[in-house]
Amino acid sequence: LNHGDKGGAILSMSVFDNKLWLGLSGGQLYSCNNAGSCTYRKDLGIYIYEMETFDNKLWVGEQDGAYQGTLYSCNSAAACTSYSGFGTSGFESMTVYNNKLWVGLTNGVVKECDNTGSCISHGDKGGRIELIERGKIGV
């Protein structure tokens, strides 16, 4: 089935609140029901590279044109809180592991975040973190 053009490259998808959420290259956030009907929710910047469900919220990793990364936590109504502190790094990957949100950044740094958006760095792993899955880090 073709559910239509959403207006840009779909960079990320995640299931949250029984809907499929889409993050687009233009920063648009959409939610889609099980029939494939999608609703525009909001604009979060320029690129939505990663999304993950954590602590009953949708966590979104956004990057602007100057590679400034911002982390958002959003509820089912798409009301979002932003968290800074990612500097000139965008998001490459995101996963939940040991009840924490783990993010891999374009500068090679891995961060571990709690449900308040507070993150600690686990340092530079030597390159872009393109995959974090089940505790394994891929560079």
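Hi everyone, this is a short tour of the strands, sheets and cores of one protein.

Please keep in mind that what you see is a predicted model. Let's begin with the overall picture. The protein has 139 residues, and 40% of them count as buried. Its secondary structure comes to 14 strands and zero helices, so if you read along the sequence you meet β after β, with nothing else in the pattern. The accessible surface is about 7200 Å², and carbon and sulfur atoms account for 44% of that. As for contacts between residues at least 6 apart in sequence, 31% join residues at least 24 apart.

Now to the sheets. Strands of a sheet pair through backbone hydrogen bonds, either parallel or antiparallel. Which kind do we have at the start of the chain? There, four strands make an open sheet in the order β1-β2-β3-β4, and the pairing is antiparallel. At its edges sit β1, residues 10-16, and β4, residues 38-43, each of which pairs on one side only. On average, neighbouring strands in this sheet are turned by 25° against each other, direction ignored. If you'd like to find one pairing yourself, look at β1 and β2, where β2 covers residues 19-24: six bridges join the two. One place to look is Ile 10, whose bridge partner in β2 is Leu 24.

Further along there is an open sheet with the order β9-β10-β11-β12, again of four strands and with antiparallel pairing. Here the edge strands are β9 (91-97) and β12 (119-124). The average turn between neighbouring strands of this sheet is 20°, direction ignored. Strand β11, residues 109-113, pairs with β12 over four bridges, and Val 109 has Asp 124 as its bridge partner in β12.

Val 109 also takes us to the inside. In soluble globular proteins, nonpolar side chains tend to be buried together. The largest nonpolar core here has twelve residues, including Phe 54, Trp 59, Phe 91, Met 94, Val 103 and Val 109. Which elements give two or more residues to this core? They are β9, β10 (100-105) and β11, with β10 giving the largest share, three residues.

Let's stop at Phe 91 for a moment. Leaving out residues up to four places away in sequence, Phe 91 touches, among others, Tyr 49, Leu 71, Phe 86, Val 103 and Leu 105. Apart from this core lies another one, of eleven residues, among them Trp 21, Leu 29, Leu 58 and Val 60.

That's the tour, thanks for listening!

Key. Residues numbered from 1 in each chain as written. Predicted model: local features only at pLDDT ≥ 70, side-chain atom pairs only at ≥ 80, totals over all residues. Heavy atoms only, no water. Pairing = 2+ DSSP bridges. Axes fitted to C-alpha atoms, helices over the stretch in contact; angles between N-to-C directions. Core = buried A, V, L, I, M, F, W, Y, C linked by side-chain atoms within 4.5 Å. Buried < 20%, exposed > 50% of the residue type's maximum accessible area, 1.4 Å probe, protein only. Contact = heavy atoms within 4.5 Å. Areas by Shrake-Rupley, 256 points an atom, 1.4 Å probe, with all protein chains shown as cover.
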